[in-house]
Structures are given as C-alpha cells and as structure tokens.
Amino acid sequence: MIKTIKDFDVKNKRVLVRCDFNVPLTEKGEVEDDFKIRQTIPTIKYLIENNAKIILMSHLGEPYGKIIENLRLDCVKNSLEKLLNISIKKNSDCIGKEVKKAAFNLKPKEILLLENLRFYKEEEENDDNFAKQLSELGEIYINDAFATCHREHASVVGVPKYLPSAAGLLLEKEIKALSKVLENPWRPLVVIIGGVKIENKLKLIKNFLEKADHLLIGGKIANELLIIKGICLGNPASTEKIIKEIENLNLTSSKLHLPIDALVSLNAEGEGYVRETALGKVRKEEIILDIGPHTIEIFSRIIEEAKMIVFSGPLGYFENPLFEKGTREIAEKITKNHKAFKIAGGGDTVFALSKFGLLDNFDHVSTGGGAMLNFLSGEKMPGIEILKNE
C-alpha cells in the first residue's frame, strides 16, 4: 500500500513536494495553459490548512543540465500566486546554502518554490548526492507529480530514500482513477488511441487488444497501421523493429476499429484542396489529416454503448480548423455519454479538449501523457514503486 499525505502530521514540518509544473509557455515566457498547476492546488491548500512549511520543486522544459533563462520558474510562481491568492517565495537555485537557509526559515503556511530541477544534469541522471541535497531541505517528501513517475530521476526516486514519503492528493487521484481501468473496468470498455508516435503507444494498443471491448484508432498512428497493412499507399515511417511488432498484432481482431475514410490534402495547411475519400483511394501524394464522416459515425455508435471510455490522442490534425472535426465530434460524443466513466490524458488531448471547451466534462483528466500510457500498459512506475517501500 502507498501512504498518502493524510497519513502524516505535517504541522510545523518542512514538506518537500515534487510537483509537475512542466507547462507550455507563450513566446513571452508566460504560462499558456495552467492545467497542470491547477491540478496540484488541492495538495498545496491541504498543506496550508494543516500549517505545514511548504517547499515546491519541479522541472520545466528540457534545459539538459544548463541554466536557460526563459525556463526559470518565475512564470509558475506568478500563476501559483494568482491561483492561491497569496505571496510565494522563490529561490534562484534548488540546492545550496542559500536554498537551505530559505527552507529552514519558512514559517507555517509559507511556500518556497525552488528553481528548475533540470538546470542540474544530476536530476535526470538520478545522482544520489543531488537527491540527498534536495532531501535535506525537508522533513517529509510528497510526490504529487504523476507525469514524472515513469522516470528514474533524483527528485522522483532518489529523495524518498532519505525522507518519510507519501503520495499527494493528485497522485492518489491519478492512481485510483487509472486503476479502475486496469483492475475492474466497467463494460463495455472503449479505448480511443490517436496521436502521432506509434512507438509510444504500441504497448497500450497490445494491452487493450486483450482487455478492451473496443479499440478505436485514429491520427497518424492509424495511418501507419493502414500503410503497414497495405490498405493505404506510402512508406512506413516506423523502424524495422516497430514494423515487425505491428505485423505481429492481430489487426483482424473484431475489437480493433480503424478508419474507413478520411480527409486528405497535399499538406497540413490544406492548400490546394481538401478531399474526403475512402482509405483505399488515398493518392500517393496526399496525406491523411483527419478521420472521415463514415468513421465518425461508426466510432460514435460504439462510444454510445460504452460504460467506460479512455481517450488518448487526437484523431487528426485538430490544430487546423479544416481538420478538427474528427477529434471534436468524437470528444463531444464521449461527453454526451452520461452513463460512462470518462478518462482522457496526454498533452495534445488535453489541449484539444480545452480548445473545444470539453475538459470539465470528463470524470478524470490525467496530467501525465507518457506516464498514463505506461500505467495503462501495465508497466511498473518507479516513482510509485518507491513509495510502496515506506
């Protein structure tokens, strides 16, 4: 069993919280979407209400062990202050004497935000000395960053070796919601997989070909499957290893539903023309950019009967209004199924649902893309496993 934040008396204790504030930024360096920040607010508020001394740490972007000025967490500090309506202290580093002094001088209910963890290459290398220095800032460690739990990083698996550790409210919520899908799904279970990188979702496809009642696939992932299956013209973009794995999939399974028609064009801007066509009639010079109306109709009928739905990955190039219809209409159909437990996750999926104003219509929206895929693929998550040792 995993301990949770409520299993500890946090009063007057320095609580070191691993958050996931890895948010998209505008060109001006402001937070473009504060979804991930908002999701960890319940944990922070719980600590404030229980008189803890709160130290928050996170990464932002991919600085690869170097200080990148526009990846400092000042933008996150601004967002947190607006959401919490309180003043937050921030340090320009995440380890060292000055940071330790700031942490030890905290009063109950006060919050200190550390600087970007990935300014140190030791974070991603899971360096033990770096983890120990982070651990010295707190008396209790709380992991509230589900999105990093599939990573063996110092702040995720190193720090818990040195401090009493537990899951935050967000991590606890993620585990409970996603475990429903794996352990006791409501039937029919319908899983919708889209997006771009098939190698990232191949294990998920394999897993749900066995566990789901229906597996609906769209996006570039479907295009790749259709090319390898010989239905569409073109050369597969996958490696030989991935192609062999796909060839070994049971693509004739009655559970598997691939698109039968599509919207195509010569490029992602839709310049020249946008054409609706059957998959077998896609020309070699054309690219598939959305599922077609007949596919939407078939997918919609399956979704209507579902009791549990997992949605991971857009079904077309939704960023362009010309090719958003498939993703938007399927998302709308999911939200109209009021008898189903609805889960969505992944950065592009969250962005699409936010764009269409549908984010709040899902029962659970995961903060993790890769982490959610790993969890639902049945893989062990280092950041969760380390908490079980407590």
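Select K342, which sits in strand β14 (residues 341-345). Helices (H or I, at least four residues) and strands (E, at least two) are DSSP runs, numbered from the N terminus. This is a predicted model, in which local features need pLDDT of at least 70 and side-chain atom pairs count only at pLDDT 80 or more, while totals for chains, interfaces and linings use all residues. Residues are numbered from 1 along each chain as its sequence is written, and side-chain values use heavy atoms, with hydrogens and water left out.

Stay on K342. With a relative accessibility of 4%, K342 counts as buried; buried means under 20% relative accessible area, exposed over 50%, and partly exposed in between (1.4 Å probe, protein chains only). Now show what surrounds the residue. Apart from neighbours within four places in sequence, K342 is in contact with I309, I334, T335, N337, N361, F362, D363 and H364. Contact here means heavy atoms within 4.5 Å.

**Helix α14**

Next select α14 (347-355). T349, V350, A352 and L353 are buried in α14. Looking down the axis of α14, these buried residues fall within an arc of 160°, so they line one face of the helix. The arc is that of the directions from the helix axis to the C-beta atoms. An α-helix has 3.6 residues a turn, so residues three or four places apart point the same way. Add the elements that cover the buried residues of α14: they include α1, β13 (308-312), α13 (325-336), β14 and β15 (364-366). After α14 comes G357, with a positive phi near 70°.

**The largest pocket**

α14 also leads to the largest pocket, supplying the largest share of its lining, 5 residues. Centre the view on G346, G347, D348, G369 and G370, which lie nearest the pocket centre among the 40 lining residues. The volume of the largest pocket is about 1,200 Å³. The search uses a 1 Å grid over the protein atoms alone: a cavity is a set of points where a 1.4 Å probe fits but cannot get out, a pocket is an open set with protein on both sides within 12 Å along at least five of seven lines, and lining residues have an atom within 4 Å of a point. Grid points are joined across faces, edges and corners, and a volume is the space filled by probe spheres set on the points.

Colour the helices that supply at least two lining residues each: α1 (35-39), α9 (198-211), α14 and α15 (370-376). By residue type, the pocket lining divides into 9 nonpolar, 20 polar and 11 charged. Ala, Val, Leu, Ile, Met, Phe, Trp, Tyr, Cys and Pro count as nonpolar, Asp, Glu, Lys and Arg as charged, and the others, Gly among them, as polar.

**The cavity**

For enclosed space, select D20, K36, T40, D144, A145, F146, L170 and T367, which line the largest cavity. The count is 1 cavity of 30 Å³ or more, and the largest cavity holds about 30 Å³ of space. Its lining divides into 3 nonpolar, 2 polar and 3 charged residues.

**Two cysteines**

Select C19 and C149. The sulfur of C19 is 12 Å from the closest cysteine sulfur, that of C149, which is too far for a bond. A disulfide is a pair of cysteine sulfur atoms within 2.5 Å, and the count comes to 0 disulfides. C19 is buried, at a relative accessible area of 0%; C149 is buried as well, at 0%.

**Helix α2 and the loop after it**

Move to α2 (41-49). Which residues of α2 are buried? They are I41, T43, I44, Y46, L47 and I48. These buried residues pack against β1 (14-18), α1, β2, α3, β4 (111-113) and α8.

Just after α2, N51 takes a positive phi of about 60°. N51 lies in the loop between α2 and β2 (53-57), and counts as partly exposed at 25% relative accessibility.

**Two more backbone stops**

Most residues other than glycine have a negative phi, and most peptide bonds are trans. Select Y64, in the loop between β2 and α3 (74-84). Y64 has a positive phi of about 55° although it is not a glycine, and at 61% relative accessibility Y64 counts as exposed.

End at R187 and P188, which are joined by a cis peptide bond with omega about 0°. P188 is in the loop between α8 (169-183) and β7 (189-193).
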